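Thank you for sending this entry for comment. The notes below are intended to be read beside the sequence and the coordinates.

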Amino acid sequence: MHRIWAFLDRNSYASFWLGILEHKGIPYFLIMGILAGLCILGIITFFRERKSNYVWRWIYFLGGAYLLFDLFAIATGLPFWHRLLMSMFDTASPYWNAVWGFFIILGAGVFVLGIKLLTMRK
């Protein structure tokens, strides 16, 4: 939900994340390590719950696989991915609100799903 910041202050949001991505300091490795760990746990959950065949399992698998690819592409500096990120963080883009609005809606949906799954588990 931190992406709401993208609507409140485009320039500082883009500057912050581009700074993290380009300088690759301790915050970069900390964030990337946490995200990679969570993705791996999500993929493990997908396989562990294979007998249950819940639709939400695919969210863990596909989302985790996508994010692991994203982390790999950023870490290795794949040129086409770098261009994509630069266009995503272009504060003058007419698509800014659509791109970040999509991510906000996606994040909110996954958050609600997580809360629902936690309440169903208890």
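The numbered points that follow go from the whole chain to single residues.

1. Nature of the model and confidence. The structure is a predicted model. Its mean pLDDT is 88, and 98% of the residues reach 70 or more. Among the elements of the chain, α5 has the highest mean pLDDT, at 92, and α4 has the lowest, at 86. As a general caution, predicted coordinates should not be read in detail where pLDDT is low.

2. Overall build. The chain contains six helices and zero strands, so that the order of elements from the N terminus reads α-α-α-α-α-α. Along the principal axes, the C-alpha atoms occupy a box of roughly 45 × 30 × 25 Å. Of the contacts between residues at least 6 apart in sequence, 54% join residues at least 24 apart.

3. Surface and burial. The accessible surface amounts to about 8500 Å², and carbon and sulfur atoms account for 72% of that area. The chain has 122 residues, of which 27% are buried.

4. The main core. How many residues does the largest nonpolar core have? There are 18, and those with the most contacts inside the core are Y13, L21, L85, F89 and W100. Two or more residues come from each of α2 (10-23), α3, α4 (56-76), α5 (79-88) and α6 (96-121). Helix α2 gives the most, with six residues. In soluble globular proteins, nonpolar side chains tend to be buried together.

5. F89 within the core. Which residues does F89 contact, leaving aside its neighbours within four places in sequence? The partners are Y13, A14, W17, L18, L21, W96 and W100. Of these, Y13, L21 and W100 are named, together with F89, among the residues with the most contacts inside the core.

6. Y28, on helix α3. Y28 lies in helix α3. This residue counts as buried because its relative accessible area is 3%, where the cut-off is under 20%. Beyond four places in sequence, Y28 touches I20, L21, I74 and A75. One of these partners, A75, is 47 residues away in sequence, while the C-alpha atoms of Y28 and A75 are 9.8 Å apart in space.

7. L35, also on helix α3. L35 is found in helix α3, but its relative accessible area is 28%, and L35 is therefore partly exposed. Apart from neighbours within four places in sequence, its contacts are L67 and L71. L35 and F46 are 11 residues apart in sequence, with a C-alpha to C-alpha separation of 17 Å.

8. L38 and the nonpolar surface patch. Is L38 buried or exposed? L38 belongs to helix α3 (residues 26-48) and is classed as exposed because its relative accessible area is 51%, against a cut-off of over 50%. L38 forms a nonpolar patch on the surface together with L30, I34, I40, L41 and I44. The accessible area of these residues together is about 590 Å².

9. K24, between two helices. K24 is placed in the loop between α2 and α3. Its phi is near 45°, a positive value in a residue other than glycine. Most residues other than glycine have a negative phi. K24 counts as partly exposed because its relative accessibility is 32%.

10. Helix α3 in review. The residues discussed above give three readings along this helix. Y28 is buried at 3%, L35 is partly exposed at 28%, and L38 is exposed at 51%. Helix α3 is also among the elements that give two or more residues to the largest nonpolar core.

Terms used: Residues numbered from 1 in each chain as written. Predicted model: local features only at pLDDT ≥ 70, side-chain atom pairs only at ≥ 80, totals over all residues. Heavy atoms only, no water. Patch = residues over 30% accessible without salt bridge, like charges linked within 9 Å, V, L, I, M, F, W, Y side chains within 5 Å. Areas by Shrake-Rupley, 256 points an atom, 1.4 Å probe, with all protein chains shown as cover. Salt bridge = Lys/Arg side-chain N within 4 Å of Asp/Glu carboxyl O. Helix = DSSP H or I, 4+ residues; strand = E, 2+ residues; numbered from the N terminus. Buried < 20%, exposed > 50% of the residue type's maximum accessible area, 1.4 Å probe, protein only. Core = buried A, V, L, I, M, F, W, Y, C linked by side-chain atoms within 4.5 Å. Contact = heavy atoms within 4.5 Å. pLDDT = per-residue confidence, 0-100.
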